[in-house]
Amino acid sequence: MKCLFIANYIVYKDNANGVAKKIKDQILSLRNMGVEVDYVFVKDGIVYFNEDGHCHQICQQGDSFHKYWDVMLTKLPKFINKKYDLLYMRMDYISSKMLQFLKYCKININKRCLEIPTFQHKPEPGARLTTVAAFYFRKVYHRRLHKYIDRIVTFSDDEFIYKIPTIRIENCISNVDVKVYDYSPRPNELNLIGVAMMTPSHGFDRVIRGISEYYKNGGKDDIKFYVVGDGNVKGQWQKNAEELNVADHVVFTGKKDGEDLNELFSKSNIAVASLAIFRKKCNKCSELKIREYFLRGIPFIYSANEPSIEKYNEIFCKKVEHNESPIDISDVIEFAHIINYGEVSPAMHSYAINNFRWEQQFQKIIDELGGE
């Protein structure tokens, strides 16, 4: 099988974020399965197409993602010529140029999938007016996708998206080379860590408010919350911490990776997954960060429905209220101190290796497409 893989992310970059790493992991996993994969990537401001190991320059990256992506989609068809069995696209940007490209692919590529990691029924509350306008404008194009796409690949429960049947999969990891530390807490202290490209749906403000409530109610333990990453709500969360007088307990580290990130995990006891995807009108997810926490062997708190891990509640993880309420830090402290980290951390790591692999999910996609 030969696959054309297109994702609207910079996937050839040192210190890339979690999404870009995931895309590279997906390509590697397909290749591990014996699938030949050609793909688009960006390096040093230039968009390239990797075809059988040969890199073709497509266009300049430029300042506007929308403009250069449309240019790329216009030029890419000359490299296709009916030689691909599968088109796999990971896109959240739909335009008239993309529809023209998909129309060409329908004629020249046997099966066509579009991955939508988180299907949003409505814009997030508090989104910029331009973001809201773009969300509803794109719906004009979404209504035409069913003409060209065979399946939507999603982590949601939706059976159909844009009138297209879905293939429902789980998020996964490929890089298993991470360190597992002894995350056991010291007496009278608790260190939390949350890693994210900060958006409202990550909900770390719930932890900040929870720390404030903990001390208002007479809490004595030393609480630290390491907030790792950057994003459009970082400034607001920093302001929240200052206004609630817990700035000394909330450490905004900026982006970290490699040994710098390992060091932060080594002194943490409990990780924090997304706590507010209900702000995107979602109740179920398959969060990549949770899989990474499993791989690191660090117990965590989360709030949304995660069917594949629910059976491990109060063992590997703790499910908190899925609403706007502050996180109950006293409950998290109690959870951290009943965990047998010496047994739990290696078990979490092994579970991740055995259950969260992209090869398993792509086999499901290929089997379903091949069954038609």
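Which backbone oxygen lies 2.8 Å from a polar atom of the side chain of Asn191? Select Asn191 in this predicted model and look for Lys267: the oxygen belongs to the backbone of that residue.

**Stop 1: Asn191**

Asn191 sits in strand E10, which covers residues 189–195. Colour by accessibility and Asn191 comes out as buried, because its relative accessible area is 9% and the cut-off for buried is under 20%. Next, show what surrounds this side chain. Leaving aside neighbours within four places in sequence, Asn191 is in contact with Lys224, Tyr226, Lys267, Ser268, Asn269 and Ile270. Lys267 therefore appears twice at this stop: as one of the contacts of Asn191, and as the residue whose backbone oxygen lies 2.8 Å from a polar side-chain atom of Asn191.

**Stop 2: the sheet that holds E10**

Now switch to a cartoon view and select the sheet. Six strands make up this open sheet, in the order E12-E11-E10-E13-E14-E15, with parallel pairing. Its edge strands are E12 (250–254) and E15 (317–319), each of which pairs on one side only. On average, neighbouring strands here are turned by 25 degrees against each other, direction ignored. Strands of a sheet pair through backbone hydrogen bonds, either parallel or antiparallel.

For a single pair, select residues 270–272 (strand E13) and residues 300–302 (strand E14). These two strands run parallel and are joined by two bridges. Ala271 is the residue to centre on, as it stands opposite Phe300 in E14.

**Stop 3: the cysteines**

Select Cys317. Buried or exposed? Cys317 is buried, with a relative accessible area of 0%. Then select Cys172, which also counts as buried, at 1% relative accessibility. A disulfide is a covalent bond between the sulfur atoms of two cysteines. Searching the whole structure for disulfides gives zero.

**Stop 4: helix H9**

Finish with residues 329–338, helix H9. Which of its residues are buried? They are Ile329, Val332, Ile333, Phe335 and Ala336. These residues lie on the same side of H9, because they cover an arc of only 165 degrees around the axis. Rotate the view to the face turned away from that buried side, and the exposed residues Glu334 and Ile338 come up.

Last, go to the start of H9 and show Asp328 and Ser330 as sticks. A side-chain oxygen of Asp328 reaches to within 3.1 Å of the backbone nitrogen of Ser330.

Definitions and conventions: Residues are numbered from 1 along each chain as its sequence is written. This is a predicted model: local features need pLDDT of at least 70, side-chain atom pairs count only at pLDDT 80 or more; totals for chains, interfaces and linings use all residues. Side-chain values use heavy atoms; hydrogens and water are left out. Buried means under 20% relative accessible area, exposed over 50%, partly exposed in between (1.4 Å probe, protein chains only). Helices (H or I, at least four residues) and strands (E, at least two) are DSSP runs, numbered from the N terminus. The arc is that of the directions from the helix axis to the C-beta atoms. A polar contact is a pair of N or O atoms within 3.5 Å; within protein, one must be able to donate a hydrogen and the other to accept it, and residues adjacent in sequence count only if both atoms are side-chain atoms. A disulfide is a pair of cysteine sulfur atoms within 2.5 Å. Two strands pair if DSSP finds at least two bridges between them. Axes are lines fitted to C-alpha atoms, for helices over the stretch in contact, and angles run from 0 to 180 degrees between N-to-C directions. Contact means heavy atoms within 4.5 Å.
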